[in-house]
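Me: I am new to this kind of model and would like some help reading it. Could we go through a few features together?

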Amino acid sequence: QVSAWQGTLAHPRDRAMTQPGMFVVALDVEGTLTPEAWLELQKKTGIEELKITTAHEPDYDKLMMYRINVLRKNGIKLQDMRDVVQSIDPLPGCIEFLQWLKSVVPRVLLLTDTFEEYAMPMFEKLGYPAVFCNSLTIDDEGYITGHVLRLRDQKRKAVESFQRLGFRVISVGDSFNDVSMLKAAERGILFMPSENVVKAHPEFPVHRNYDDLRKEITQILDKATTVIPRTVKPRETRMWIVMANVSGTFAPEPWVVMQEKTGIKELGLTTAHEPDYDKLMQMRMKILRENKIKLADVVEAMDKVEPWPHAKEFLEWLAPVVPRTFMLTDTFEEYALPVLTKLGHPMVLCNFLESDDEGYISRHVWRMRNQKQLAVQEFQQLNFRVISIGYSFNDIAMMRHSDAGLLFNPSEQVVKAHPDLPVVRSFEELKEAILKIVQAPSLKRPLPDN
(Lines give C-alpha, C1' and ligand atoms only; values in the text may rest on other atoms or scores of the structure.)
Protein backbone atom coordinates (compact mmCIF):
# COMPACT_ATOMS: atom_id res chain seq x y z
CA GLN A 1 0.00 0.00 0.00
CA VAL A 2 1.25 3.48 -0.93
CA SER A 3 1.66 5.78 2.06
CA ALA A 4 -0.09 9.14 2.35
CA TRP A 5 2.79 11.07 0.85
CA GLN A 6 4.34 8.57 -1.56
CA GLY A 7 1.54 9.14 -4.04
CA THR A 8 2.88 12.63 -4.76
CA LEU A 9 6.54 11.60 -4.73
CA ALA A 10 6.65 9.29 -7.75
CA HIS A 11 9.56 10.00 -10.10
CA PRO A 12 10.88 13.09 -8.28
CA ARG A 13 13.49 13.90 -10.93
CA ASP A 14 10.73 14.25 -13.52
CA ARG A 15 8.57 16.46 -11.37
CA ALA A 16 10.18 19.79 -12.26
CA MET A 17 9.56 19.07 -15.96
CA THR A 18 6.03 17.71 -15.68
CA GLN A 19 4.52 19.54 -12.70
CA PRO A 20 4.38 23.34 -12.59
CA GLY A 21 2.92 23.05 -9.12
CA MET A 22 1.00 20.87 -6.69
CA PHE A 23 -2.74 20.25 -6.60
CA VAL A 24 -5.52 21.82 -4.57
CA VAL A 25 -8.98 20.26 -4.60
CA ALA A 26 -11.80 22.79 -4.16
CA LEU A 27 -15.16 21.30 -3.20
CA ASP A 28 -18.63 22.75 -3.01
CA VAL A 29 -20.43 21.68 0.18
CA GLU A 30 -24.24 21.57 -0.11
CA GLY A 31 -25.32 19.12 -2.78
CA THR A 32 -21.76 17.80 -3.12
CA LEU A 33 -20.84 16.69 0.41
CA THR A 34 -24.05 17.29 2.37
CA PRO A 35 -27.75 17.65 1.61
CA GLU A 36 -28.97 21.17 0.80
CA ALA A 37 -29.75 22.88 4.11
CA TRP A 38 -32.64 24.82 2.61
CA LEU A 39 -34.20 21.66 1.20
CA GLU A 40 -33.91 20.02 4.62
CA LEU A 41 -35.65 23.04 6.14
CA GLN A 42 -38.34 22.68 3.48
CA LYS A 43 -38.88 19.04 4.40
CA LYS A 44 -39.21 19.94 8.07
CA THR A 45 -41.59 22.87 7.50
CA GLY A 46 -43.45 21.73 4.39
CA ILE A 47 -43.02 25.21 2.83
CA GLU A 48 -43.03 24.65 -0.93
CA GLU A 49 -41.26 27.96 -1.72
CA LEU A 50 -38.09 26.67 -0.05
CA LYS A 51 -37.59 23.97 -2.67
CA ILE A 52 -35.86 26.44 -4.97
CA THR A 53 -32.01 26.25 -4.90
CA THR A 54 -29.16 27.52 -7.07
CA ALA A 55 -29.76 24.49 -9.29
CA HIS A 56 -32.95 26.30 -10.34
CA GLU A 57 -32.14 29.99 -9.73
CA PRO A 58 -28.53 30.99 -10.56
CA ASP A 59 -28.91 34.56 -9.18
CA TYR A 60 -27.84 33.97 -5.57
CA ASP A 61 -28.78 37.45 -4.32
CA LYS A 62 -32.27 37.11 -5.74
CA LEU A 63 -32.61 33.61 -4.29
CA MET A 64 -31.48 34.67 -0.79
CA MET A 65 -33.81 37.67 -0.57
CA TYR A 66 -36.64 35.39 -1.65
CA ARG A 67 -35.74 32.88 1.06
CA ILE A 68 -35.40 35.55 3.76
CA ASN A 69 -38.87 36.88 2.95
CA VAL A 70 -40.33 33.36 3.07
CA LEU A 71 -38.71 32.71 6.48
CA ARG A 72 -40.08 35.89 8.05
CA LYS A 73 -43.53 35.32 6.59
CA ASN A 74 -43.58 31.88 8.23
CA GLY A 75 -42.03 32.92 11.57
CA ILE A 76 -38.80 30.94 11.05
CA LYS A 77 -35.70 32.32 12.84
CA LEU A 78 -31.95 31.66 12.66
CA GLN A 79 -32.12 29.18 15.56
CA ASP A 80 -34.66 27.10 13.63
CA MET A 81 -32.20 26.95 10.75
CA ARG A 82 -29.36 25.97 13.10
CA ASP A 83 -31.48 23.16 14.52
CA VAL A 84 -32.11 21.81 11.02
CA VAL A 85 -28.42 21.95 10.07
CA GLN A 86 -27.48 20.20 13.32
CA SER A 87 -29.66 17.27 12.25
CA ILE A 88 -28.10 16.96 8.77
CA ASP A 89 -25.58 14.16 8.15
CA PRO A 90 -23.05 14.19 5.28
CA LEU A 91 -24.07 12.32 2.14
CA PRO A 92 -23.42 8.55 2.25
CA GLY A 93 -19.77 7.86 1.40
CA CYS A 94 -18.73 11.51 1.84
CA ILE A 95 -16.61 11.06 4.98
CA GLU A 96 -14.73 8.09 3.50
CA PHE A 97 -14.16 10.08 0.30
CA LEU A 98 -12.74 13.05 2.23
CA GLN A 99 -10.48 10.79 4.28
CA TRP A 100 -9.13 9.27 1.08
CA LEU A 101 -8.78 12.65 -0.62
CA LYS A 102 -6.80 14.24 2.21
CA SER A 103 -4.36 11.34 2.10
CA VAL A 104 -3.52 11.90 -1.59
CA VAL A 105 -4.04 15.67 -1.93
CA PRO A 106 -3.23 17.37 1.40
CA ARG A 107 -4.82 20.62 0.22
CA VAL A 108 -8.60 20.27 0.38
CA LEU A 109 -10.63 23.46 0.41
CA LEU A 110 -14.38 23.86 0.87
CA LEU A 111 -15.82 26.75 -1.16
CA THR A 112 -19.43 27.39 -0.27
CA ASP A 113 -21.93 30.20 -0.56
CA THR A 114 -23.56 29.06 2.66
CA PHE A 115 -23.34 30.97 5.94
CA GLU A 116 -21.12 30.53 8.96
CA GLU A 117 -23.92 31.51 11.40
CA TYR A 118 -25.80 28.26 10.84
CA ALA A 119 -23.34 26.00 9.01
CA MET A 120 -20.72 25.29 11.71
CA PRO A 121 -22.33 21.94 12.75
CA MET A 122 -22.07 20.91 9.10
CA PHE A 123 -18.37 21.80 8.94
CA GLU A 124 -17.76 19.91 12.18
CA LYS A 125 -19.24 16.71 10.78
CA LEU A 126 -17.00 17.07 7.73
CA GLY A 127 -13.92 17.20 9.97
CA TYR A 128 -13.31 20.96 9.72
CA PRO A 129 -11.48 21.20 6.39
CA ALA A 130 -10.50 24.76 5.50
CA VAL A 131 -13.72 26.50 4.45
CA PHE A 132 -14.49 29.79 2.71
CA CYS A 133 -18.07 30.92 3.27
CA ASN A 134 -20.32 33.96 3.84
CA SER A 135 -22.26 35.52 6.73
CA LEU A 136 -25.77 36.67 7.66
CA THR A 137 -27.25 39.72 9.36
CA ILE A 138 -29.71 39.02 12.19
CA ASP A 139 -32.14 41.36 13.91
CA ASP A 140 -32.89 41.56 17.65
CA GLU A 141 -35.76 39.09 17.28
CA GLY A 142 -33.49 36.45 15.76
CA TYR A 143 -34.78 36.75 12.19
CA ILE A 144 -32.39 36.69 9.24
CA THR A 145 -32.53 40.13 7.63
CA GLY A 146 -29.86 39.88 4.98
CA HIS A 147 -26.78 38.09 3.70
CA VAL A 148 -23.26 39.45 3.39
CA LEU A 149 -21.16 38.01 0.58
CA ARG A 150 -17.56 38.10 1.77
CA LEU A 151 -16.53 38.42 -1.86
CA ARG A 152 -18.64 38.17 -4.99
CA ASP A 153 -17.80 35.17 -7.13
CA GLN A 154 -15.54 34.02 -4.28
CA LYS A 155 -15.26 30.46 -5.58
CA ARG A 156 -13.69 31.48 -8.88
CA LYS A 157 -11.44 34.07 -7.22
CA ALA A 158 -10.22 31.52 -4.67
CA VAL A 159 -9.30 29.12 -7.49
CA GLU A 160 -7.38 31.87 -9.29
CA SER A 161 -5.52 32.86 -6.11
CA PHE A 162 -4.27 29.32 -5.59
CA GLN A 163 -3.22 29.17 -9.25
CA ARG A 164 -1.15 32.31 -8.76
CA LEU A 165 0.43 30.62 -5.75
CA GLY A 166 1.71 27.88 -8.06
CA PHE A 167 -1.03 25.27 -7.60
CA ARG A 168 -3.22 23.47 -10.09
CA VAL A 169 -6.84 23.22 -9.04
CA ILE A 170 -9.45 20.49 -9.33
CA SER A 171 -12.91 21.94 -8.64
CA VAL A 172 -15.98 19.84 -7.84
CA GLY A 173 -19.53 21.13 -7.57
CA ASP A 174 -23.14 20.39 -8.41
CA SER A 175 -24.86 23.65 -9.26
CA PHE A 176 -24.97 26.83 -11.32
CA ASN A 177 -23.11 28.80 -8.65
CA ASP A 178 -20.17 26.37 -8.97
CA VAL A 179 -19.73 26.83 -12.71
CA SER A 180 -17.35 29.81 -12.54
CA MET A 181 -14.92 27.90 -10.32
CA LEU A 182 -15.19 24.81 -12.52
CA LYS A 183 -14.30 26.89 -15.57
CA ALA A 184 -11.41 28.64 -13.79
CA ALA A 185 -9.87 25.38 -12.51
CA GLU A 186 -7.52 23.21 -14.53
CA ARG A 187 -10.13 20.46 -14.16
CA GLY A 188 -13.78 21.00 -13.30
CA ILE A 189 -16.11 18.13 -12.36
CA LEU A 190 -19.89 18.11 -11.86
CA PHE A 191 -20.97 15.83 -9.03
CA MET A 192 -24.62 14.78 -8.78
CA PRO A 193 -25.88 17.85 -10.70
CA SER A 194 -29.47 18.50 -11.75
CA GLU A 195 -30.41 17.89 -15.38
CA ASN A 196 -30.73 21.68 -15.81
CA VAL A 197 -27.06 22.11 -14.94
CA VAL A 198 -25.91 19.19 -17.13
CA LYS A 199 -27.88 20.50 -20.11
CA ALA A 200 -26.49 24.03 -19.68
CA HIS A 201 -22.86 22.88 -19.21
CA PRO A 202 -22.14 19.71 -21.20
CA GLU A 203 -18.41 20.55 -21.23
CA PHE A 204 -17.86 19.14 -17.72
CA PRO A 205 -17.55 15.44 -16.83
CA VAL A 206 -20.41 14.23 -14.63
CA HIS A 207 -20.16 11.71 -11.79
CA ARG A 208 -22.93 10.48 -9.54
CA ASN A 209 -21.09 8.53 -6.84
CA TYR A 210 -17.92 9.00 -4.80
CA ASP A 211 -16.20 5.93 -6.23
CA ASP A 212 -16.34 7.36 -9.75
CA LEU A 213 -15.29 10.78 -8.47
CA ARG A 214 -12.31 9.18 -6.77
CA LYS A 215 -11.31 7.48 -10.04
CA GLU A 216 -11.60 10.76 -11.97
CA ILE A 217 -9.41 12.63 -9.48
CA THR A 218 -6.85 9.81 -9.49
CA GLN A 219 -6.58 10.09 -13.28
CA ILE A 220 -6.18 13.87 -13.13
CA LEU A 221 -3.36 13.62 -10.60
CA ASP A 222 -1.30 11.72 -13.15
CA LYS A 223 -1.43 14.55 -15.68
CA ALA A 224 0.18 17.99 -15.87
CA THR A 225 -1.24 21.30 -17.07
CA THR A 226 -0.06 24.87 -17.27
CA VAL A 227 -1.06 27.31 -14.59
CA ILE A 228 -2.13 30.65 -16.09
CA PRO A 229 -1.78 33.55 -13.58
CA ARG A 230 -4.70 35.93 -13.20
CA THR A 231 -5.23 39.07 -11.13
CA VAL A 232 -7.82 40.06 -8.52
CA LYS A 233 -8.56 43.43 -6.94
CA PRO A 234 -8.09 43.98 -3.19
CA ARG A 235 -11.22 44.51 -1.08
CA GLU A 236 -11.97 45.33 2.54
CA THR A 237 -11.46 42.28 4.75
CA ARG A 238 -13.79 40.63 7.28
CA MET A 239 -13.30 36.97 8.20
CA TRP A 240 -10.11 35.54 9.69
CA ILE A 241 -7.68 32.93 8.38
CA VAL A 242 -4.87 31.40 10.45
CA MET A 243 -1.61 30.66 8.64
CA ALA A 244 1.06 28.79 10.57
CA ASN A 245 4.52 27.45 9.99
CA VAL A 246 4.81 23.70 10.62
CA SER A 247 8.33 22.82 11.74
CA GLY A 248 9.22 24.41 15.04
CA THR A 249 5.59 25.36 15.68
CA PHE A 250 3.71 22.05 15.59
CA ALA A 251 6.55 19.54 15.25
CA PRO A 252 10.35 19.34 15.56
CA GLU A 253 12.48 20.84 12.81
CA PRO A 254 13.21 18.04 10.29
CA TRP A 255 16.92 18.79 10.22
CA VAL A 256 17.16 18.76 13.99
CA VAL A 257 15.60 15.28 13.78
CA MET A 258 18.30 14.28 11.27
CA GLN A 259 20.98 15.74 13.54
CA GLU A 260 19.73 13.67 16.47
CA LYS A 261 19.50 10.53 14.33
CA THR A 262 22.93 10.86 12.72
CA GLY A 263 24.91 12.73 15.40
CA ILE A 264 26.07 15.25 12.76
CA LYS A 265 26.07 18.54 14.63
CA GLU A 266 25.94 20.78 11.56
CA LEU A 267 22.51 19.40 10.58
CA GLY A 268 21.03 21.00 13.70
CA LEU A 269 21.30 24.50 12.21
CA THR A 270 17.88 25.87 11.15
CA THR A 271 16.37 29.11 9.88
CA ALA A 272 16.10 30.16 13.51
CA HIS A 273 19.91 30.61 13.27
CA GLU A 274 20.56 31.16 9.53
CA PRO A 275 17.90 33.09 7.54
CA ASP A 276 19.38 32.21 4.12
CA TYR A 277 17.44 29.04 3.29
CA ASP A 278 19.26 28.29 0.03
CA LYS A 279 22.61 28.49 1.82
CA LEU A 280 21.31 26.15 4.54
CA MET A 281 20.06 23.61 2.01
CA GLN A 282 23.31 23.58 0.04
CA MET A 283 25.22 22.94 3.27
CA ARG A 284 22.82 20.16 4.27
CA MET A 285 22.98 18.38 0.90
CA LYS A 286 26.77 18.49 0.96
CA ILE A 287 26.89 17.03 4.48
CA LEU A 288 24.39 14.28 3.62
CA ARG A 289 26.40 13.22 0.56
CA GLU A 290 29.68 13.23 2.49
CA ASN A 291 28.09 10.95 5.09
CA LYS A 292 26.39 8.71 2.49
CA ILE A 293 22.89 9.63 3.68
CA LYS A 294 20.35 9.37 0.86
CA LEU A 295 16.85 10.74 0.30
CA ALA A 296 15.35 7.40 1.30
CA ASP A 297 17.11 7.66 4.68
CA VAL A 298 15.70 11.16 5.19
CA VAL A 299 12.20 10.00 4.23
CA GLU A 300 12.42 7.08 6.66
CA ALA A 301 13.42 9.44 9.48
CA MET A 302 10.66 11.94 8.64
CA ASP A 303 8.01 9.23 8.73
CA LYS A 304 8.83 8.72 12.44
CA VAL A 305 8.57 12.39 13.46
CA GLU A 306 5.88 13.03 16.06
CA PRO A 307 4.10 16.38 16.53
CA TRP A 308 4.77 18.41 19.65
CA PRO A 309 2.67 17.48 22.70
CA HIS A 310 -0.74 19.20 22.62
CA ALA A 311 -0.29 20.34 18.99
CA LYS A 312 -3.15 18.22 17.68
CA GLU A 313 -5.38 19.28 20.58
CA PHE A 314 -4.62 22.92 19.75
CA LEU A 315 -5.65 22.45 16.11
CA GLU A 316 -8.83 20.69 17.22
CA TRP A 317 -9.57 23.69 19.45
CA LEU A 318 -8.79 26.14 16.63
CA ALA A 319 -11.04 24.52 14.00
CA PRO A 320 -14.39 25.81 15.33
CA VAL A 321 -12.88 29.16 16.33
CA VAL A 322 -11.34 29.94 12.92
CA PRO A 323 -12.41 27.24 10.43
CA ARG A 324 -9.73 28.24 7.92
CA THR A 325 -6.24 27.09 8.90
CA PHE A 326 -3.35 26.69 6.45
CA MET A 327 0.07 25.25 7.16
CA LEU A 328 2.84 27.08 5.33
CA THR A 329 6.33 25.68 5.33
CA ASP A 330 9.47 26.20 3.28
CA THR A 331 10.46 22.66 4.07
CA PHE A 332 9.60 19.65 1.95
CA GLU A 333 6.54 17.52 1.38
CA GLU A 334 8.42 14.41 2.44
CA TYR A 335 8.53 15.86 5.96
CA ALA A 336 5.28 17.78 6.06
CA LEU A 337 2.81 15.13 4.96
CA PRO A 338 3.67 12.40 7.51
CA VAL A 339 3.58 15.00 10.30
CA LEU A 340 0.32 16.57 9.13
CA THR A 341 -1.30 13.17 8.77
CA LYS A 342 -0.71 12.77 12.51
CA LEU A 343 -2.16 16.25 13.07
CA GLY A 344 -5.42 15.40 11.30
CA HIS A 345 -4.61 16.50 7.72
CA PRO A 346 -4.71 20.32 7.94
CA MET A 347 -4.11 21.95 4.57
CA VAL A 348 -0.42 22.45 3.76
CA LEU A 349 1.52 24.54 1.23
CA CYS A 350 5.11 23.28 0.96
CA ASN A 351 8.06 22.43 -1.31
CA PHE A 352 9.75 19.14 -2.24
CA LEU A 353 13.08 17.40 -2.74
CA GLU A 354 14.68 15.77 -5.76
CA SER A 355 17.31 13.05 -5.84
CA ASP A 356 19.99 12.07 -8.35
CA ASP A 357 20.53 8.65 -9.92
CA GLU A 358 22.41 7.50 -6.82
CA GLY A 359 19.56 8.48 -4.52
CA TYR A 360 21.24 11.50 -2.92
CA ILE A 361 19.29 14.74 -2.49
CA SER A 362 20.34 16.92 -5.42
CA ARG A 363 17.89 19.80 -5.21
CA HIS A 364 15.43 21.53 -2.93
CA VAL A 365 12.62 22.57 -5.29
CA TRP A 366 10.81 25.79 -4.50
CA ARG A 367 7.19 25.52 -5.58
CA MET A 368 7.23 29.32 -5.33
CA ARG A 369 9.68 31.76 -3.80
CA ASN A 370 8.36 33.90 -0.95
CA GLN A 371 5.29 31.67 -0.87
CA LYS A 372 4.38 32.59 2.71
CA GLN A 373 4.21 36.32 2.07
CA LEU A 374 2.44 35.81 -1.27
CA ALA A 375 -0.12 33.48 0.30
CA VAL A 376 -0.95 36.10 2.93
CA GLN A 377 -1.47 38.73 0.25
CA GLU A 378 -3.63 36.45 -1.88
CA PHE A 379 -5.89 35.58 1.05
CA GLN A 380 -6.19 39.25 1.98
CA GLN A 381 -7.33 39.96 -1.56
CA LEU A 382 -9.94 37.22 -1.09
CA ASN A 383 -11.39 39.40 1.68
CA PHE A 384 -9.84 37.68 4.69
CA ARG A 385 -7.84 39.04 7.60
CA VAL A 386 -4.80 36.90 8.35
CA ILE A 387 -3.25 35.74 11.62
CA SER A 388 0.26 34.37 11.03
CA ILE A 389 2.06 32.07 13.45
CA GLY A 390 5.76 31.30 13.11
CA TYR A 391 8.98 31.10 15.04
CA SER A 392 11.84 31.68 12.65
CA PHE A 393 13.51 34.23 10.39
CA ASN A 394 11.82 32.80 7.30
CA ASP A 395 8.40 33.48 8.89
CA ILE A 396 8.98 37.21 9.39
CA ALA A 397 7.85 38.41 5.94
CA MET A 398 4.62 36.43 6.32
CA MET A 399 4.02 37.98 9.74
CA ARG A 400 4.85 41.52 8.63
CA HIS A 401 2.28 41.32 5.83
CA SER A 402 -0.42 39.76 8.03
CA ASP A 403 -3.09 41.62 9.96
CA ALA A 404 -1.72 40.01 13.13
CA GLY A 405 1.50 38.05 13.70
CA LEU A 406 2.51 35.82 16.62
CA LEU A 407 5.95 34.35 17.34
CA PHE A 408 5.66 30.88 18.88
CA ASN A 409 8.68 29.75 20.92
CA PRO A 410 11.20 31.69 18.82
CA SER A 411 14.96 31.63 19.33
CA GLU A 412 16.60 34.51 21.16
CA GLN A 413 18.17 35.62 17.86
CA VAL A 414 14.71 36.06 16.33
CA VAL A 415 13.33 37.87 19.39
CA LYS A 416 16.31 40.21 19.48
CA ALA A 417 16.03 40.99 15.77
CA HIS A 418 12.24 41.58 15.91
CA PRO A 419 11.35 42.85 19.39
CA ASP A 420 8.06 44.40 18.25
CA LEU A 421 6.43 41.04 17.41
CA PRO A 422 4.40 39.44 20.24
CA VAL A 423 5.80 36.19 21.65
CA VAL A 424 3.89 33.21 23.08
CA ARG A 425 5.55 30.19 24.66
CA SER A 426 2.78 27.59 24.93
CA PHE A 427 -0.34 26.46 23.10
CA GLU A 428 -2.46 27.83 25.94
CA GLU A 429 -0.90 31.26 25.49
CA LEU A 430 -1.41 30.90 21.73
CA LYS A 431 -5.13 30.20 22.27
CA GLU A 432 -5.47 33.32 24.43
CA ALA A 433 -3.68 35.46 21.85
CA ILE A 434 -5.85 34.22 18.97
CA LEU A 435 -9.07 34.76 20.92
CA LYS A 436 -7.97 38.31 21.74
CA ILE A 437 -7.35 38.99 18.05
CA VAL A 438 -10.55 37.52 16.60
CA GLN A 439 -12.71 39.12 19.30
CA ALA A 440 -11.39 42.58 18.38
CA PRO A 441 -13.29 43.24 15.11
CA SER A 442 -11.71 46.65 14.63
CA LEU A 443 -8.21 45.19 14.46
CA LYS A 444 -6.72 45.73 11.06
CA ARG A 445 -3.18 46.59 10.15
CA PRO A 446 -2.48 48.45 6.87
CA LEU A 447 -0.59 46.42 4.30
CA PRO A 448 3.08 47.29 3.72
CA ASP A 449 3.96 49.18 0.55
CA ASN A 450 6.33 46.43 -0.54
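Reply: Happily; what follows is a short tour of pockets, cavities, ring pairs and a few single residues. One thing to keep in mind from the start is that this is a predicted model.

Me: Let's start with open spaces. How much space lies in the second largest pocket, and which residues lie nearest its centre?

Reply: With a pocket, look at its volume and then at what lines it. Here the second largest pocket holds about 400 Å³ of space. Its lining is made of 20 residues, and Gly127, Tyr128, Ala319, Leu343 and Gly344 lie nearest the centre. Helix 14 (residues 311-321) gives the largest share of that lining, five residues.

Me: What classes of residue make up the lining of the second largest pocket?

Reply: Sorted by class, there are 12 nonpolar, four polar and four charged residues in the lining of the second largest pocket.

Me: And closed spaces? How many cavities of 30 Å³ or more does the structure hold?

Reply: A cavity is a space that a probe fits into but cannot get out of. This structure has three cavities of 30 Å³ or more. The largest cavity has about 130 Å³ of space. It is lined by 15 residues, and Glu30, Glu36, Thr54, Tyr60 and Asn177 are the closest to its centre. Two elements, helix 3 (60-73) and strand 2 (108-115), give two or more residues each to this lining, and strand 2 supplies the largest share, with three. By class, the lining of the largest cavity has seven charged, five polar and three nonpolar residues.

Me: What can you tell me about the second largest cavity, such as its space and its lining?

Reply: About 100 Å³ of space lies in the second largest cavity. Its lining has 15 residues, with Ser247, Glu253, Thr271, Tyr277 and Asn394 nearest the centre. At least two lining residues come from each of helix 11, helix 12 (277-290) and strand 9 (325-332). Strand 9 makes the largest contribution to the second largest cavity, three residues. The classes there are seven polar, four nonpolar and four charged residues.

Me: Now for rings. How many aromatic pairs are there, and why does the pair of Phe250 and Phe427 count as stacked?

Reply: For a ring pair, check the distance between centres and then the angle between planes. The structure holds 20 aromatic pairs. In the pair of Phe250 and Phe427, the ring centres are 6.1 Å apart and the planes meet at 20°, so the pair is stacked; the cut-off for stacking is planes under 30 degrees apart. Phe250 sits in the loop between strand 8 (239-244) and helix 11 (254-262), and Phe427 in helix 19 (residues 427-438), so this pair ties together parts that are 177 residues apart in sequence. Phe250 and Phe427 are both buried.

Me: Which residues do ring pairs link into a cluster, and where does the charged end of Lys294 sit?

Reply: The cluster joins Phe132, Phe162, Phe167, Phe326, Phe379 and Phe384 through ring pairs. As for Lys294, its charged end sits over the ring of Tyr360, 5.3 Å from the ring centre.

Me: Can we look at one residue and its surroundings? Is Leu98 buried or exposed, and what is it in contact with?

Reply: Start with the element, then the accessibility, then the contacts. Leu98 belongs to helix 5 (residues 94-104). Its relative accessible area is 3%, so Leu98 is buried. Apart from neighbours within four places in sequence, Leu98 is in contact with Leu27, Leu33, Val108 and Leu126.

Me: Which residues have a positive phi although they are not a glycine?

Reply: Two examples are Asp153, with a phi of about 55°, and Asn383, with a phi of about 75°. Asp153 is in the loop between strand 4 (144-148) and helix 7 (154-164), and at 34% relative accessibility it counts as partly exposed. Asn383 is in the loop between helix 16 (371-381) and strand 12 (384-390); at 5% relative accessibility, Asn383 counts as buried.

Me: Why is helix 7 described as largely enclosed by the rest of the structure?

Reply: Count its buried residues: 10 of the 11 residues of helix 7 are buried, so the helix is largely enclosed by the rest of the structure. Among them are Lys155, Glu160, Phe162 and Arg164. Just after helix 7, Gly166 has a positive phi of about 95°.

How values were computed: Residues are numbered from 1 along each chain as its sequence is written. This is a predicted model: local features need pLDDT of at least 70, side-chain atom pairs count only at pLDDT 80 or more; totals for chains, interfaces and linings use all residues. Side-chain values use heavy atoms; hydrogens and water are left out. On a 1 Å grid over the protein atoms alone, a cavity is a set of points where a 1.4 Å probe fits but cannot get out, and a pocket is an open set with protein on both sides within 12 Å along at least five of seven lines; lining residues have an atom within 4 Å of a point. Grid points are joined across faces, edges and corners, and a volume is the space filled by probe spheres set on the points. Helices (H or I, at least four residues) and strands (E, at least two) are DSSP runs, numbered from the N terminus. Ala, Val, Leu, Ile, Met, Phe, Trp, Tyr, Cys and Pro count as nonpolar, Asp, Glu, Lys and Arg as charged, and the others, Gly among them, as polar. Rings of Phe, Tyr and Trp (its six-membered ring) pair if their centres lie within 6.5 Å; planes under 30 degrees apart count as stacked, over 60 as edge-to-face and the rest as tilted. Buried means under 20% relative accessible area, exposed over 50%, partly exposed in between (1.4 Å probe, protein chains only). A charge sits over a ring if NZ of Lys or CZ of Arg is within 6 Å of the ring centre and within 35 degrees of the ring normal. Contact means heavy atoms within 4.5 Å.
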